[in-house]
Amino acid sequence: MENPKRAMRVMKCLAWMYSSLCVMAVADSLAQCSEGDYYFEYTECDSTGSRWRVAIPQRPGECTGLPDPVQGTDCTFSCEAGEFLEMSAQECTQCAAGSYSLGSGIRFEEWDDIPPGFSSVATYLDNTPHGQEGPSCNGSSWIAQGSYVESNRDECSVSLVYAVHLKKQGSVSFDYQYVDNNIFFEFFIQNDQCQEMEKTSDQKWMKLTSNGQWSKHTVSLKSGTNVLYWRTTGVTVGAKVVKPVLLKNIQIEGVAYMSECLPCKPGTFSKAPGSSSCELCPRNTYSGRGASSCTPCNTSTHYALEGSTMCKARPACSKKDYFQIHSVCDEEGKTQIIYKWIEPKICLEDASDAVTLPPSGKREPCPPCNPGFYNNNTATCLPCPQGTYSDGLKECQPCPAGTEPALGYEYKWWNILPANIKSSCFNVANTKCDGMNGWEVAGDHIRSGAGGSDNDYLILNLKVPGFRLPTSISGTSGSEFGRITFVFETICSANCELYFMMDTDRRSTSVVESWEGSKEKQSYTHIMTKNASVSYTWAFQRTNQAKDVRQYINDMVKMYSITVTNALDGVASSCRACAIESQQPGSACVPCPAGYYIDEETNQCLECPPNTFLSGHHVYGRDACQPCGPGSRSNKEHSLCFSDCSFTYLELNQTLQFDFSPLGFTGSIMNGPSFTSKGTKYYHLFNISLCGLEGHRPAVCSDNVTDLSDKDPHSAESNSVEAFICQSTVIPSDGRGFRVALTSQSTGLADSFLGATIEKSLNGVAARPELFPTAPSRVPDINFYYRSPQTTSSCENGRNTVVTLRCNPEKSAKGEISVPRECPAGTCDGCTFHFLWESSSACPRCTEADYHQIEGACKGGVQDTVYVWTEPRLCTGGVALPVKKSMPCEMIDFWLKVGAGVGAFCAVLLISLTCYVWNKNKKLEFKYSKLVMSANKECELPAADSCAIMEGEGEEVEDEVVYSKPSLLRKLKAIATKGNEQSSEAVQLKSSQAERWVWG
């Protein structure tokens, strides 16, 4: 065995020597490596935090003589911004002009293509019904759009992934635009073990932004490997297509070093060495990649927008290159229509087919001042002083005694923009319209401006510092602090869209309502239920498709009027009655206590009658106290009506009392599943608080996309809705990679309680019992009616809800809630919702009429009486069944026996007498009949033996008298044969005595 092993070792040594000789021979034939043939890199850091610099050949095997490895810099070493690490000397060197460096960071700001290192991973929400295969997501990805990257527009879950290895702690920051709550947008980080880093929900789930607004998000990174995920998931429950998420300027800090500076991208430049960023080329200049300066264009024939990469030929001017405005009122109070070129002007007026600016219009009188302002014979409108009012046509006048100014804004004349309204233009991809007016005044309306591109966002913003209720109602406890109403119309030939948004206390902007396409002139009102500073924004976009050519310049939105009530810094267009301390002249206005109205005659505060409520903030006159609906009563403040979970109904002279307390707490129903057009599964979750807590609405629906850390749903930062009935869209967690189910699109369906009744309609809200199965019991259904006054584009009168309570003894006390089978979403028209709540608690309270007694037999001297419910039992609670009663029964049994004995004796005696009398009667009847028969025979008197029964005859009927009543014929014969008009009957009696004749 040793010889083969030794031979093997000898063979290996010979092979090694041969290969070494070959390598030496090849090396002798290769040229020496120069500096261009290799580059330097650092090895991985060891446990001591040190590393080596090694040379890596550009093309392995083409040269020899690479520099030997040397000790490298410390692993945490990095250069300052504007510098890079020169690897030959291992020293920081300034970047040359035309390039930039972040020092220890990297920035991604060019998105002509997805940069190297990034990947787009798409997965479908695998929850299709019955295991069906959903649509493929192979074509879904993040799309580079030049200066930004946008997410997919379908229902696939797509992640933009980037992995980076940090030698020290750092951070990642990026700008994003997220305007559509039909998309779930999350940013999270995983380590190299695919374990998600612990982050709070504020860092993971992105907050919504305004249309056209970019927000910046920054998250700290730990040293080591960090895998960054930007993930979006679309949920197209409605008919609208989701609007994608936009990302740009992704910057990562904490990389160990930058071995070279990055060249400035085309359209930018850096003119000084050591730059940490590049600047945009000014207008009418351009640059290529790595430029240290911008090249000017020939402005007589060409133009270039800011940040351009080339000059473009100027086109001939057309009608799309100018717009009209109304000039500011001059000293004479005149205005006129003026036409202006869209800035920056890029067209040529002297071209052969160019159009010229139309002449200005006639000078016309300026529109009057808006209500609450006056002009004082000048061209400028000024707000009325405090305590005065004006309709805009007259001078400001003080409010009469017993009244106070009704503060607010009422903008209906548009000669100039009011001081608290600003206009701007924004484009997500360029700066073409920066500095332009997004909206232009036009006399009786304000309209969207020209903008720079068809996909610009034309923005109008109104800021309200807060709300202040009038003095007389400042003590009320109503939920309305003010309202905004605007009248508008849209004229569009493309897919234009108008957004109405609101930002409360500068937290986050949310879209209140939106309108697509052309809309007729209409009014929209939004009620403020919170006293806070608010910024209202209208954003108009002609189309969401970016195009270089203007096609839809005539598409516009016209805003005719904007009205805000109870504005903190508002002006007064009128005065409203207020309560006064006394009838003395000059008495000041005083606030009325909650639940009080102002008497029309005395202007004193009087309390509303019981079970009435004050409608909104209208407190003047007795009519302000409106009666509560049936089955409801008002709270102490008379601010609302509520149900105390009890109900009384009179039917057939019987009073039915109901107690719905077991149903008073929040009940829920999740119906579905439903599926979108692409198969995404979702549910509708409804939370119902039938009675509330004396008018408070404890049913809460939250959007957990920004609330996954179980925040307090009542906190100011929570995106939740509180109402009697609210709705959320729930997307289950199965098959989508989310750890919990997602809820979104929370909406309040019932803000006020109208009443409870068995009637089929109440205050214009109709129940539809035909949508549900027929009630099997004779107990009537009780309908609870609710209303939500917030209007939408599809529900101009707000939303209504009807909850029908049905007695069903087979259900539990909590019962079961269902929706119509024909309308699985709970509504058939989108505005009125119907629910059926079957429960044993919906049955009336039990009374004495609902049970009966059963008496048992007397056993052992005791008789039991028990009580049982009348079946079917259609009641609950109320009176309880009486307990079983037991009574002694000895005396009652003795007399029963005595009575039975006496009765039996009397019956026997009566029967015996009857038989005896009957027997005697028969004998007499027999004797009498014989006597009659003998008397009817033809015989002559006085023959003794011819007409009598002699002694000794018929002994068998001794003492028997038989009477036989003669027939009418025999009587007539007897009469005819008798003489002297005499008739007689002979009765022969036979006895033991001597014979006798008896004549009668």
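User: What is the order of the strands in the open sheet of three strands?

Analyst: The model is a predicted one. Its open sheet of three strands has antiparallel pairing. The edge strands, β69 (851–855) and β71 (885–888), each pair on one side only. Read across the sheet, the order is β69-β70-β71.

User: By how many degrees are neighbouring strands of this sheet turned against each other on average, direction ignored?

Analyst: The strands concerned are those of the antiparallel sheet β69-β70-β71. With direction ignored, the average turn between neighbours is 20°.

User: Which residue in β71 does Q863 stand opposite?

Analyst: Strand β70 covers residues 862–869 and pairs with β71 in the antiparallel sense over four bridges. In β71, the residue opposite Q863 is M887.

User: Is F905 buried or exposed?

Analyst: F905 lies in helix α3, which spans residues 890–935. The cut-off for exposed is over 50% relative accessible area. Because its relative accessibility is 57%, F905 counts as exposed.

User: What accessible area do F905, L909 and L913 have together?

Analyst: These three residues, F905, L909 and L913, form a nonpolar patch on the surface. Their accessible area together is about 320 Å².

User: What share of the 1000 residues in the protein chain is buried?

Analyst: The protein chain has four helices and 71 strands. Its accessible surface comes to about 52800 Å², with 52% belonging to carbon and sulfur atoms. A residue is buried at under 20% relative accessible area. Of the 1000 residues, the buried share is 43%.

Definitions and conventions:
Residues numbered from 1 in each chain as written. Predicted model: local features only at pLDDT ≥ 70, side-chain atom pairs only at ≥ 80, totals over all residues. Heavy atoms only, no water. Helix = DSSP H or I, 4+ residues; strand = E, 2+ residues; numbered from the N terminus. Buried < 20%, exposed > 50% of the residue type's maximum accessible area, 1.4 Å probe, protein only. Areas by Shrake-Rupley, 256 points an atom, 1.4 Å probe, with all protein chains shown as cover. Pairing = 2+ DSSP bridges. Axes fitted to C-alpha atoms, helices over the stretch in contact; angles between N-to-C directions. Patch = residues over 30% accessible without salt bridge, like charges linked within 9 Å, V, L, I, M, F, W, Y side chains within 5 Å. Salt bridge = Lys/Arg side-chain N within 4 Å of Asp/Glu carboxyl O.
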